[in-house]
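Q: Hey, can we go through this one together? I'd like to know what touches what.

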Number of protein chains: 2
Amino acid sequence: MRITLKDIAKALNLSASSVSKALNDSHEISQETKKLVKDYAEKHHFRINKIAQTLKTGKTYSIGVILFNISNNFVAQMLDGIQVVSEQAKYDIIIMQSRNNELLEKKAIEVLRNRGVDGLLISPINHQSSETELRALQENGIPVVLIDRIFHNLHTHKVGVNNFEGAYRATKHLVDQGKKRLMHITGKDLGITEERLNGFKAALATANIPFHPDLLLACDYTEGSQVEIEIKRKIVQLLDAGQKPDAIFCATDDITSRTLGVLAELNIAVPTEIALIGFSNTPYAHALNPALSAVVQPAFEMGKLGFQKLIELVNKKHQEVAFETIALDTELHIRKSSL
Amino acid sequence: MRITLKDIAKALNLSASSVSKALNDSHEISQETKKLVKDYAEKHHFRINKIAQTLKTGKTYSIGVILFNISNNFVAQMLDGIQVVSEQAKYDIIIMQSRNNELLEKKAIEVLRNRGVDGLLISPINHQSSETELRALQENGIPVVLIDRIFHNLHTHKVGVNNFEGAYRATKHLVDQGKKRLMHITGKDLGITEERLNGFKAALATANIPFHPDLLLACDYTEGSQVEIEIKRKIVQLLDAGQKPDAIFCATDDITSRTLGVLAELNIAVPTEIALIGFSNTPYAHALNPALSAVVQPAFEMGKLGFQKLIELVNKKHQEVAFETIALDTELHIRKSSL
DNA sequence: TTGTAGGCGTTATCAA
DNA sequence: TTGATAACGCCTACAA
């Protein structure tokens, strides 16, 4: 059904190797033969069997990408960047989701490894998740690059953002608005949240506002989606205790959206009762009511850069490389929700 | 570096074929030998080379999935359903985005075909997009299943929703609220929008409200993201002409979100000035201000069902199958934006 | 400039 | 119950 090199060879009275060379534009083959072969191939819709090619060459021309959840604006934007570069570089990408679950993460790595990929771009669950598995990949000549969640022990290229700085500026902004009781809602053990918490604390410190552990909520992402409930419970609890915050800084895209939802549900006016700002890459920030103040990450750029770095490694597998950690800047978009 | 069947065979003084059979639990191999082989394999971290296996067997155990844009709640939810089933079925999925661009769609099909997939799940751009390419796949024994965009000429299983019904009920709801000047914003040539338009018209008809072409906007999705600008221009134009609608029904997830944004930008109060309802699967519908009334599609179910249907085809490639078209029901969620 | 032979890692067929 | 052999489709020395 599907035509192969041999078929072409037979039809043209050539050897399979000549056909192979002709299709690969080898200098050992005459122009006429090349033309003959290529025309025939085109006419008969010859498509090379990548599987066989891979088996022979060892190159799969595919890259594994492990993200925690692709239905997240931030992640989707990274993915867009990744895809742009992957197309230029003629690499296919195989996307897997870890859902912030270390078991699924390990499984994804395993699947990709079995299937054969030339490299792996991953946003790991946390500091040391799947460390041995990733190291094993590297030792087998499959380069790994970390993206977004760059606080990981693995020794390699890492592309993320300046989390401390982003959090610091957002918090500073709230402080500058005269807010005194700042709450921080974050995720537990997500690999980037520590730095954001540090930024939060640092901004408080510069304003001589003591950090109040009661105003910190670290949501658990390992279980199903109880996050919204956790947030609601915490806020209600603060209200009941007469400890209402006057501003909230949210650490991730997902948390920001959910917090907004909880406040709406509780009929808490934003920003008059509680001001809100958070990490968010939603393209609809301006369309929300009130328009959302956000720390925006250069997600598209991160995706592009991360993938480029990975391709570099793939292409010079055997040379010594000085690994870099790149932290891009975030942008602070002030809108109504924090004013 | 990586251990192969032969290595095991050599180490155990067996033949490669026996090792292969042992690992595949063939009945021709003795229990002791199996244990021997499996233990050795485990101990030495043997992982089978899927590439070689595929070359030999012709089965890739991977399925191509072509969607138009994965950073869309609705699509992301479908994808979740797809992934759940794919893991059960032990198939990998390779995700590609067509971005509602027929050239990219064709390219994606080509890539998947070259790379080798056992089947294709696709949400095609429109009625006849890539029809010949898809048919060619089928003729080469690679089954195709259509999802979401089920109004396509291809003869196969199709899994989508009852678009007419969903649109009809949403529009009917607006009519029941006493709305008279209903606007419909939709996408041009997206394969599902005709039926939604028909549902819109039918609901108007039952209320004896004439359909007004001026109150219809079909956005062009083939070019970059001018959609929001188009919507804004149209609404401003209607306002200027004193033709302000009193309600809007939006046909897709993306259009609903964007329309909401435009209305906010134009400082048009929802629902008092203009009521709004639209197809949307955003998990934050209740968290928007005002909470968004929406026609919700069973996206997760669609993904699951579509993938299941595809796997069925993959597994009985040579039997005659009676193709089905399945239209799941949508849910109407009435919230504040349309009241 | 073209062809031959061997092999990538696996499995299927047949023989032992 | 095990083993030898060939084959999947392609590429690459090396020979012609």
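Q: How far is B:K21 from a base oxygen of DNA strand D?
A: In this predicted model, a polar side-chain atom of B:K21 lies 2.4 Å from a base oxygen of DNA strand D. That fits the cut-off for a polar contact, which is a pair of N or O atoms within 3.5 Å; within protein, one must be able to donate a hydrogen and the other to accept it, and residues adjacent in sequence count only if both atoms are side-chain atoms.

Q: Predicted, okay. What are the ground rules here?
A: Residues are numbered from 1 along each chain as its sequence is written, and chains are lettered from A and ligands numbered from 1 in the order in which they are written. Because the model is predicted, local features need pLDDT of at least 70 and side-chain atom pairs count only at pLDDT 80 or more, while totals for chains, interfaces and linings use all residues; side-chain values use heavy atoms, with hydrogens and water left out.

Q: Which backbone atoms come up for strand D?
A: A polar backbone atom of A:N49 is 3.1 Å from a phosphate oxygen of DNA strand D. A polar backbone atom of A:A52 is 3.4 Å from a base nitrogen of that strand.

Q: Which helix gives the most to the surface near DNA strand D?
A: α4(A), with four residues. Helices here are DSSP runs (H or I, at least four residues), strands are E runs of at least two, and both are numbered from the N terminus.

Q: And which residues come nearest to strand D?
A: Of the 27 residues around DNA strand D, A:L5, A:Q53, B:S18, B:K21 and B:T33 come nearest. Sugar and phosphate account for 65% of the strand D atoms that come within 4 Å of the protein. A residue counts as near a strand if one of its heavy atoms lies within 4 Å of it.

Q: What sort of residues are they, by class?
A: The surface near DNA strand D divides into seven nonpolar, 14 polar and six charged residues. Nonpolar covers Ala, Val, Leu, Ile, Met, Phe, Trp, Tyr, Cys and Pro, charged covers Asp, Glu, Lys and Arg, and the others, Gly among them, are polar.

Q: Now DNA strand C. Which residues come nearest there?
A: A:S17, A:K21, A:T33, B:L5 and B:S20, out of 27 residues around DNA strand C. Sugar and phosphate make up 60% of the strand C atoms within 4 Å of the protein.

Q: Any distances for strand C?
A: Here are some. A polar side-chain atom of B:S20 lies 2.7 Å from a phosphate oxygen of DNA strand C, and a polar backbone atom of A:S30 is 3.0 Å from a phosphate oxygen of DNA strand C. An N or O atom in the side chain of B:K21 is 3.5 Å from a base oxygen of DNA strand C. α4(B) gives the largest share of the surface near strand C, four residues.

Q: Switching topic: how many residues of chain A are in contact with chain B?
A: 48 residues of chain A are in contact with 47 residues of chain B, where contact means heavy atoms within 4.5 Å. The area buried between the two chains is about 4,100 Å², and carbon and sulfur atoms give 50% of that. Buried area is the accessible area (1.4 Å probe) that two parts lose on being put together, summed over both.

Q: Which chain A residues lose the most area to chain B?
A: A:R47, A:I51 and A:R115, together 16% of what that side buries.

Q: How many salt bridges between chain A and chain B?
A: Six. One pairs A:D92 with B:R115 (2.8 Å, N to O). The rule asks for a side-chain nitrogen of Lys or Arg within 4 Å of a carboxyl oxygen of Asp or Glu. Over all chains the count is 38.

Q: What about A:E102 and A:K106?
A: They form a salt bridge, with the closest N and O atoms 3.1 Å apart. Because A:E102 and A:K106 are four residues apart in helix α6 (residues 102-115) of chain A, about one helical turn separates them.

Q: Last one: what are the domains of chain A?
A: Domain 1 is 5-48, domain 2 is 60-161 + 299-329, and domain 3 is 163-298 + 332-338; these bounds come from an automatic or database domain assignment. The centres of domain 2 and domain 3 of chain A are 29 Å apart, taken over C-alpha atoms. Between those two domains the count is zero salt bridges, but there are six residue pairs in polar contact (both at pLDDT 80 or more).
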